Amino acid sequence: MGVNSNRVNDFSSHGTTTEAVMPQTTEIHRVCLPPHKTTLQKLKQKLGDIFFPDDPLHRFKNQTSFVQKLLLGLQFFLPIFQWGPEYSLRFFKSDIISGITIASLAIPQGISYAKLANLPPIVGLYSSFVPPLVYSILGSSRHLAVGPVSIASLVMGSMLSEAVKPNEEPILYLKLAFTATFFAGLFQASLGILRLGFIIDFLSKATLVGFTAGAAIIVSLQQLKGLLGIVHFTSKMEFVPVIAAVLNHRNEWSWQTILMGFSFLAFLLTTRHISMKKPKFFWVSAAAPLTSVIISTIIIFCLRSKVHKISVIGYLPKGLNPPSVNMLYFSGHHLALAIKTGLVSGILALTEGIAVGRTFAALKNYQVDGNKEMISIGLMNIAGSCSSCYVATGSFSRSAVNFNSGAQTAISNIIMAATVLVTLLFLMPLFHYTPNVILAAIILTAVIGLIDYEAAYKLWKVDKLDFLACLSSFLGVLFVSVPLGLAIAVGVSVFKILLHVTRPNTLLMGNIPGTQIYQSLNRYTEALKIPSFLILAIESPIYFANSTYLQERILRWIREEEDWIKTNNENSLKCVILDITAVTAIDTTGIDLVCELRKMLEKRSIQLVLANPVASVMEKLHQSKTLESFGSKGIYLTVGEAITDISASWKAEP
């Protein structure tokens with residue numbers, strides 16, 4: 001079907017002689033009802049289509065052996081049993097290289113993203129240790145590198161710091177962060193278990209493009225505190241307060257910090273550019289963050305008596321993740337805040353993790369189960385909340401490095417976790433003199449890639465409503481707040497859905513001469529009108545939400561057609577044919593619309609005919625006894641058969 005045409009007289013260029021050459025058919029096919037099914041059978045099929053479109057239990061069919069079923073069950077719930085038996089030394093060599101490579105990126109990023117969430121740097125490293133271990137057992141992606149990410153860190157930091165200041169109440173803030181992580185994991189796992197993953201589909205690509213770009217700019221502006229050496233800074237995450245804080249504290253700017261920060265920022269951006277231009281040198285950008293940390297730490301250690309104005313991380317305790325079960329906050333004044341933060345950060349983390357996993361799975365021609373991913377990501381965050389971790393998911397930058405370095409299985413996550421463990425046990429004192437400005441430079445380099453201006457331009461070219469959703473999300477995050485910006489974007493996306501549902505497309509159709517094909521007059525210039533017939537197509541289910549609009553729009557088509565007939569002295573309108581091929585569903589309000597429309601046209605001596613109803617629509621028309629009122633010449637299999645049969649009956653009339 002083509003695009004909607006607003007006026008009948010747009011097609012006067014087709015000629016006032018509206019006769020089309022049509023082949024005459026002698027056989028008229030009967031429109032059949034679908035096979036009878038009980039209400040229980042229909043409900044079972046509908047629920048199956050909604051919640052189990054992939055038929056996850058298909059592998060258990062025709063299996064009689066209990067041992068085989070047990071093995072299939074283990075493979076279904078624990079993907080490690082799928083690839084584990086086929087694991088080889090060759091795979092292990094590749095996974096070791098990949099694991100160590102992504103660990104070199106995960107360690108500085110973990111420390112940096114923890115500071116972005118206003119958490120102690122050590123928590124970022126913990127989040128790169130426990131969650132990857134859990135995911136390597138439960139996850140279905142071979143290339144997803146798990147750990148903290150910038151967007152989830154920003155959301156958690158901005159939402160929690162609005163109510164609790166991390167500097168004033170650090171213990172309470174830490175409790176809320178762990179609790180938010182617990183609820184994020186609980187929400188994620190629940191979506192997977194209940195197979196409700198379609199909920200995250202409301203975060204459309206257009207919404208995420210705008211949101212991530214806005215968040216990237218906010219994150220970048222926040223890093224000006226570290227890059228410029230500012231001591232006092234705003235905790236707000238909006239564009240105006242951040243810029244105001246930068247300008248109001250010019251007296252705190254440190255030239256030493258600025259020199260070091262921008263030097264390493266230039267180094268990191270250069271290595272990133274090299275890796276983007278020549279993918280085989282992926283290791284250059286992967287090793288750059290850790291290299292920057294090592295070099296800058298050595299510089300500060302050697303010049304510690306001369307560079308007092310460059311702030312450093314300070315003391316970091318050694319050891320494994322301490323349990324944090326006793327710090328989970330399940331009652332009190334801030335519980336609602338923790339739940340809300342967990343839901344928002346959990347949705348964003350889930351969306352990013354599944355999108356990244358599917359991206360690299362497509363490149364290697366294997367499938368990632370979305371519901372299993374929700375369960376695995378959710379369970380790893382629940383486990384993380386009990387072991388001093390905050391929200392983790394699949395990172396695009398680390399996963400890209402993991403993919404390019406030749407990772408074969410999720411063992412690369414275990415190698416990464418082991419490398420982080422060694423760091424936690426033995427190397428933490430070495431980070432004492434790591435300057436905070438380097439962490440700011442690492443974050444800036446990572447988030448710059450989130451600004452996808454090419455995708456935004458494509459949205460503008462292809463779909464203006466999608467671009468509006470993108471722009472609303474971007475401006476909302478930039479000038480209002482991160483969670484409200486996300487809410488605005490989702491609101492625009494939902495509005496777009498409602499617009500399509502409540503204002504469906506209708507088309508004026510004509511015959512392509514010499515064929516039985518009927519297509520849009522606006523789309524096909526060779527299509528011609530049929531004398532005394534008005535052929536309309538509806539491209540949407542007919543629901544209570546759009547029935548009034550459809551009635552008004554159809555009556556307007558009829559009125560415009562009659563005006564066109566009077567102007568061109570054509571044959572009077574005798575029949576309106578509704579091609580409902582694209583009407584995939586109809587409710588009781590829609591049935592009432594059809595009945596009322598038929599009665600209104602009957603009073604004006606115009607026949608209403610339905611063409612090509614789908615099975616579900618035909619069944620409801622039959623059950624409501626609407627078919628009886630249409631008679632034998634009210635419903636046809638195709639538009640062509642309807643015109644042929646009705647035209648023949650007119651000729652037979654005296």
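Contact, in these legends, means heavy atoms within 4.5 Å. This is a predicted model, in which local features need pLDDT of at least 70 and side-chain atom pairs count only at pLDDT 80 or more, while totals for chains, interfaces and linings use all residues. Residues are numbered from 1 along each chain as its sequence is written, and side-chain values use heavy atoms, with hydrogens and water left out.

**View 1. P148 and its neighbours.**
Let us start with one proline. P148 sits in the loop between strand 1 (146-147) and helix 7; helices (H or I, at least four residues) and strands (E, at least two) are DSSP runs, numbered from the N terminus. Leaving out residues up to four places away in sequence, P148 touches G110, Y113, G124, S127, S128, S153, Y390, V391, A392 and R398. Is P148 buried or exposed? With a relative accessible area of 0%, P148 is buried; the word means under 20% relative accessible area, whereas exposed means over 50% and partly exposed lies in between (1.4 Å probe, protein chains only). G394 is 246 residues away from P148 in sequence, yet their C-alpha atoms are 8.0 Å apart.

**View 2. Helix 7, covered along its length.**
Follow the chain on from P148 and you meet helix 7, residues 150-161. How far apart should the ends of helix 7 be? Its 12 residues, at 1.5 Å a residue, should span 16 Å, and the end C-alpha atoms are indeed 16 Å apart, which agrees. The expected span is 1.5 Å times one less than the number of residues. Helix 7 is mostly covered, with 12 of its 12 residues buried; among them are S150, L154, G157 and S161. The cover over these buried residues includes helix 4 (89-116), helix 8 (170-193), helix 9 (205-222), helix 14 (335-363), helix 18 (436-448) and helix 21 (482-502).

**View 3. S104 in helix 4.**
Here is a serine that lies in helix 4. S104 has a relative accessible area of 13%, so S104 is buried. Which residues does S104 contact, leaving aside neighbours within four places in sequence? They are A286, A287 and L290. H232 is 128 residues from S104 along the chain, and their C-alpha atoms are separated by 31 Å.

**View 4. Two spans from the UniProt record.**
Under "transmembrane region" (unreviewed entry), UniProt lists several stretches, including residues 253-269 and 467-499. UniProt positions are given in the numbering used here, feature names are shortened, and annotations may be inferred rather than shown by experiment. In the model, residues 253-269 are 88% helix and 0% strand, with end C-alpha atoms 23 Å apart. Residues 467-499 are 94% helix and 0% strand, and their end C-alpha atoms lie 15 Å apart.

**View 5. Strand 3 and its partners in the sheet.**
In what order do the 6 strands of this open sheet stand? The order is 4-3-5-6-7-8, and the pairing is mixed; two strands pair if DSSP finds at least two bridges between them. Strand 4 (518-520) and strand 8 (635-636) are at the edges with a single partner strand each, so one side of each has no neighbour in the sheet. Strand 3 (residues 506-511) runs antiparallel to strand 4, joined by 3 bridges, and M509 has S520 as its bridge partner there. Strand 3 also runs antiparallel to strand 5 (residues 533-538), this time with 4 bridges; T506 is partnered by I538. Both faces of strand 3 are covered: T506, L508 and G510 are buried on one side, and L507, M509 and N511 on the other. In the hairpin of strand 3 and strand 4, which has 6 residues between the strands, G514 takes a positive phi near 80°.

**View 6. Helix 23 and two cysteines in the STAS span.**
UniProt places "domain: STAS" (unreviewed entry) at residues 523-646. This span is 48% helix and 15% strand. Helix 23 (residues 588-603) lies across strand 6 (575-579) and strand 7 (607-611), running at about 145° to strand 7; axes are lines fitted to C-alpha atoms, for helices over the stretch in contact, and angles run from 0 to 180 degrees between N-to-C directions. Why is C575 without a disulfide? The closest cysteine sulfur, in C595, is 17 Å from that of C575, too far for a bond. A disulfide here is a pair of cysteine sulfur atoms within 2.5 Å, and the count comes to 0 disulfides. C575 has 0% relative accessibility, so C575 counts as buried.
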